[in-house]
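The following paragraphs offer a guided reading of the charged side-chain contacts in a protein chain. Please keep the sequence and the coordinates in view while reading.

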Amino acid sequence: MSRWEPGARERLESAALELFEEQGFAATTVPQITARAGLTTRTFFRYFTDKREVLFGDADVAELAAAYVAEAPASLAAAELVVHCLERLTQERFEGRKEDLRRRRDIVRSDEGLRERNLHKRAAASDALARELAGRGFGTAEATLCAEVGALALFTAIDQWLESGDDRTLFTLVLGVLESLGVVVAGFGAVRTRRS
């Protein structure tokens with residue numbers, strides 16, 4: 001086996017996903033993955049810290065969100081920055097990968113530890129975005145709320161997108177979720193007014 005075999009990461013991911021689907025995540029070992037891929041365990045750990053990272057390591061949403069805020073025009077308001085990040089993120093990291101992401105989502109849903117890891121990744125994305133917004137001078141409350149709303153919109157839209165059989169883009173669904181959230185928040189405002 002060649003030490004720097006081309007396409008090793010893709011072969012490892014493919015083998016891991018097949019095994020996770022066939023025998024379950026918990027029952028699958030790294031040596032099984034590498035045997036199926038025709039590579040060594042040493043090669044596996046060159047690309048992944050553990051077998052969970054096969055599912056979660058390809059797109060670090062937290063790092064990307066932070067980078068997108070850093071690169072955005074300084075004139076954008078906090079909500080505009082979040083939408084800017086969501087548009088770039090959906091186009092650059094999610095579009096064109098619907099079937100692959102659906103497979104990964106189904107595997108994550110099948111394992112309690114993976115579901116917990118997924119929630120941790122979501123929280124990390126929101127926290128990173130809030131830090132970047134605060135670094136841009138927005139107040140803590142505004143930065144946190146905008147980041148939480150952005151993360152909620154993204155992950156709600158991803159679920160809708162993976163379940164849909166149509167050709168709408170993920171970003172279109174994100175915008176729809178944000179619009180629905182606006183209606184919900186307005187409803188809470190109306191409750192406060194009635195209670196005053």
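Is Arg103 buried, partly exposed or exposed? The model is a predicted one, and in it Arg103 has a relative accessibility of 31%. Because buried requires a value under 20% and exposed a value over 50%, Arg103 counts as partly exposed.

The side chain of Arg103 takes part in a salt bridge with Glu21, in which the closest N and O atoms lie 2.8 Å apart. This contact links distant parts of the chain: Arg103 belongs to helix α7 (residues 98-109), Glu21 belongs to helix α1 (residues 8-23), and 82 residues separate the two. Glu21 is likewise partly exposed, its relative accessible area being 44%.

A further salt bridge pairs Glu71 with Arg88, and here the closest N and O atoms are 2.6 Å apart. Again the pair connects distant parts of the chain, with Glu71 in helix α5 (residues 61-71) and Arg88 in helix α6 (residues 78-94), 17 residues apart. The two partners fall into separate accessibility classes. Glu71 has a relative accessible area of 52%; since the exposed class begins over 50%, Glu71 is therefore exposed. Arg88, at 22% relative accessibility, is partly exposed, because the buried class is reserved for values under 20%.

Which residue meets Arg168 in a salt bridge? The partner is Asp166, with an N to O distance of 2.9 Å between the side chains. Arg168 is partly exposed, at a relative accessible area of 40%, and Asp166 is also partly exposed, at 33%. Elsewhere, salt bridges with shared partners bring Arg9, Glu13, Arg97, Asp100 and Arg104 together in one network. The count of salt bridges in the model comes to 16, among them the pairs Arg103 with Glu21, Glu71 with Arg88 and Arg168 with Asp166.

The final stop is a glycine. Gly189 is placed in helix α10 (residues 170-195), and with a relative accessibility of 34% it counts as partly exposed. How far apart are Gly189 and Trp161 in space, C-alpha to C-alpha? The two C-alpha atoms are 29 Å apart, while in sequence Gly189 and Trp161 are 28 residues apart.

Notes: Residues are numbered from 1 along each chain as its sequence is written. This is a predicted model: local features need pLDDT of at least 70, side-chain atom pairs count only at pLDDT 80 or more; totals for chains, interfaces and linings use all residues. Side-chain values use heavy atoms; hydrogens and water are left out. A salt bridge is a side-chain nitrogen of Lys or Arg within 4 Å of a carboxyl oxygen of Asp or Glu. Helices (H or I, at least four residues) and strands (E, at least two) are DSSP runs, numbered from the N terminus. Buried means under 20% relative accessible area, exposed over 50%, partly exposed in between (1.4 Å probe, protein chains only).
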